[in-house]
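Trainee: I've got the structure open and keep bumping into words like "buried" and "polar contact". Can we go through how such words are earned?

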Amino acid sequence: MNSISRRKFLKISGASIALSAALSGTAGTITKNSSLLNGGSAKGIQKIPTYCDICFWKCGAIAYLKDGNLWKVEGNPEDPLSRGRLCPRGTGGVGAHYDPDRLKSPLIRKSERGEEKWVSVTWEEAFDFIAVKMKKIEKEYGPESIALFSHGIGGNFFKHLIKAYGSTNISAPSYAQCRGPRDTGFKLTFGEDVSSPERTDIKNAGCIVLIGSHLGENMHNTQVQEFAEAIENGASVIVVDPRFSVAAGKAKYYLPIKPGTDIALLLAWMNVIVEEKIYDINYINKYAFGFEHFASYIKQFTPEWAYPETGIEPDLIRKTAYEIAKNKPKSLIHPGRHVTWYGDDSQRSRAIALLNALVGSWGRKGGFYFPVSMDIPKYPYPEYPKSMKGKVDNPDNKFPFSNETITNGIREATITGNPYPVKGWFVYATNLIHALPNEEETIKAIKNLDLLVVIDVIPSEIAGWADVVLPESVYLERYDDLNVEWFREPFISLRQPAVESPHEQKPNWWMAKKLADKLGLGHYFPWNNIEEYLDFRLKSAGYSLEQLKKKGIIKGDKQPVYFDEGVDDTFDTPTGKIEFYSVQLAEAGFDPIPHYTKPDEPPAGYFRLLFGRAPVHSFSRTQSNRVLMDMMNENEIWINQNIAERYGLVSGDYIRLKNQDGVVSNKIKVKATERIRTDCVYMVHGFGHNSKMLKFAKDKGASDAQLITNYKVDPLMGGTGMNVNFVTFELEV
Ligand SMILES: Nc1nc2c(c(=O)[nH]1)N[C@H]1C(S)=C(S)[C@@H](COP(=O)(O)OP(=O)(O)OC[C@H]3O[C@@H](n4cnc5c(=O)[nH]c(N)nc54)[C@H](O)[C@@H]3O)O[C@H]1N2
Ligand SMILES: Nc1nc2c(c(=O)[nH]1)N[C@H]1C(S)=C(S)[C@@H](COP(=O)(O)OP(=O)(O)OC[C@H]3O[C@@H](n4cnc5c(=O)[nH]c(N)nc54)[C@H](O)[C@@H]3O)O[C@H]1N2
Ligand code: SF4
Ligand SMILES: [Mo]
């Protein structure tokens, strides 16, 4: 870790300790009972290993209790993902437990949907209400008419419940609004996707190319640590981003690309590498299918051709192509993660996959390793009922290369009733109002429902639309399913409670089990409590819960992860090779080799709206966390300095943004900067809450989601490209 980020980490842990100390002084007024679970005495320091849930990376953590009160959370040194260090968000995790705006008891709606008027009910009443509605929906429409949206491992028991009920309509925005096109592009090329945590061997790379993926603001912990390590070891970094990101500050080459033109750059890079025969010739001879075809196609896409498209000078395109080729095979063109940008995202991801193939990085040290895991059997549940109707999200296989359920497909079916009606939604740990593009469509779908159940920890916007809200214990207060990780070394980790929930909140497994009983599905939850479930799974692999509780981690034996170490070098594609030419794409009517289309230009006076992450926040889930808000309590709109001057704006002014469809944002603070191109603006995602019950987070900053009324659907897999909205400035606030 470089010195700047190390300082930042220290500053942040200092801040959270101070704040949590202050909070624990008043803990009695905030929480019913913060007392120690895993020991008798409430005196002194207790350490309880668990794993983090401020995002879904699942870093191993240690929760510290001081005199029975939650004090701080640090990295678990035993854990291969955190390597003893949490990111700033994970360190601020204590704020989730102490948040005074938390949901406290189950709620049932008492007026119109979305008005946020509730009666507080008992768990029994809430489950009775839900079960009656579910049975009615099942009788009228069939069990498939209940869908589940769920993000993160906490959703596992609800997934099990919904499958037991007879529906496979289960989806998360982490697919069609996030990594879906990347998975499709890589699978079409190599026969496998890059999974999560990504199989990127960042720490061993000699050259790292970041296309958008803004590591350092995107704080996926292991990747950021490995990125710092690679830089210390002298790796050269190439950053392609319309905005000078934190990562760009570490780059040898920074390419301020015109938004939406990355495919042109990728084609030009591949043109140089192929024409000058600086690719990995042995690797290509051994593994490639359709290379000749590809090589003749790529001839036309010279750096001179790409220059007017991308704004990147031919000389710089050549220099960076040489840099990428020179470091082969330790040249890692990062696949990105949030890649739903312009609707041609699977093809852009395929171009990234092909560039990696040219330099032979797939399966090689410093490129992409093959992740391994421990073999922990699943719980032997009874078989799920078979659905005759199948899934609702992708009628007639409209998106032939989708590998998971498409959130927006379920939403569309809920609006249209095709291919069959969807009448009930369960929403677990995903704030669909902020996560799906076009809020109006989401609300339209919700209005067609007979039942909306939201399981959350705070009164999020989606909870505001619910019929029933179920308050969950935060991750520091509960067990979850085992994390059987796929990584460069095999390990399992445990989430276990460090403190009790302060009010009526309950863990997901308990809710799913109770509801199963009400629905006559108790036999799908044959264990009495989650400890019994976890212990059963662990014992069937020769371990025990007692053993895992001690350190929170059990590691397996080292296994080969590169081709050189003996990993099977076959590819699960139709040809068994790396597909430079894809017959299956051609047969389905798509470009067999990635093709570039010009992005739409912003209308006069408008700027393309770009968005991304801030190091101290996760999505729209941390703006009520007082520790993290202490570090950043609103977002800003990045505007190019010259553009700002033209509008008479200086940093610190407040404006509103108006998009192409006339939607106007909350007021947002201006950041006038040279660090962004003149044709786009940038803001951090997740702010601008409007739920009335989010007393603290409400109206702090503006919401990108609200302005994303337009989206372009990826024809291969149904993902929603969201970087296709334009905004202008309203100076009167
Ligand atoms: N702190 C923090 N870290 C997180 C998360 C979080 O919420 N908070 N979320 C996690 C999750 S789930 C994900 S998916 C990742 C997302 O993180 P990434 O995958 O890194 O997200 P991107 O959308 O690739 O990155 C946004 C960057 O892309 C740039 N960009 C926008 N348009 C273009 C373009 O047309 N071309 C190019 N080359 N660049 C462009 C933007 O300027 C911005 O710098 O972050 C993960 N890490
Ligand atoms: N406009 C826009 N849309 C996006 C993105 C973007 O950058 N901009 N990013 C996309 C990406 S990359 C992704 S991965 C998705 C992420 O999408 P989501 O995962 O849906 O992210 P959030 O909007 O933060 O919703 C998380 C919800 O979970 C709740 N929650 C937090 N902890 C718990 C818990 O312990 N239990 C329960 N039950 N609930 C909990 C939070 O309060 C919040 O309401 O969004 C996608 N959509
Ligand atoms: S990356 Fe940060 S927020 Fe995500 S799990 Fe790890 S420590 Fe927690
Ligand atoms: Mo994501």
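Mentor: Sure, let's start at ligand 2: one of its nitrogen atoms is 2.8 Å from an N or O atom in the side chain of Glu472. Before going on, this is a predicted model: local features need pLDDT of at least 70, side-chain atom pairs count only at pLDDT 80 or more, and totals for chains, interfaces and linings use all residues. Residues are numbered from 1 along each chain as its sequence is written, chains are lettered from A and ligands numbered from 1 in the order in which they are written, and side-chain values use heavy atoms, with hydrogens and water left out.

Trainee: What makes the Glu472 pair with ligand 2 a polar contact?

Mentor: A polar contact is a pair of N or O atoms within 3.5 Å. The Glu472 pair is at 2.8 Å, so it counts as a polar contact. A side-chain N or O atom of His685 also lies 3.0 Å from a nitrogen atom of ligand 2. The protein covers 97% of the 930 Å² of accessible area that ligand 2 has on its own (Shrake-Rupley method, 1.4 Å probe).

Trainee: Which side chains make contacts like that with ligand 1?

Mentor: Among them are Asp241, 2.6 Å from an oxygen atom of ligand 1, and Asp262, 2.7 Å from a nitrogen atom. Arg613 has a polar side-chain atom 3.1 Å from a nitrogen atom of ligand 1.

Trainee: Which residues are near ligand 3?

Mentor: Near means that a heavy atom of the residue lies within 4 Å. Around ligand 3 the list includes Cys52, Cys55, Cys59, Cys87 and Trp57.

Trainee: How does the shell of ligand 3 divide?

Mentor: Into eight nonpolar, two polar and two charged residues. Ala, Val, Leu, Ile, Met, Phe, Trp, Tyr, Cys and Pro count as nonpolar, Asp, Glu, Lys and Arg as charged, and the others, Gly among them, as polar.

Trainee: With those cysteines about, how many disulfides are there?

Mentor: Zero. A disulfide is a pair of cysteine sulfur atoms within 2.5 Å.

Trainee: Why is Cys59 called buried?

Mentor: Buried means under 20% relative accessible area (1.4 Å probe, protein chains only). Cys59 has 7%, so it counts as buried. Cys680, at 1%, is buried too.

Definitions and conventions. Buried means under 20% relative accessible area, exposed over 50%, partly exposed in between (1.4 Å probe, protein chains only). A polar contact is a pair of N or O atoms within 3.5 Å; within protein, one must be able to donate a hydrogen and the other to accept it, and residues adjacent in sequence count only if both atoms are side-chain atoms.
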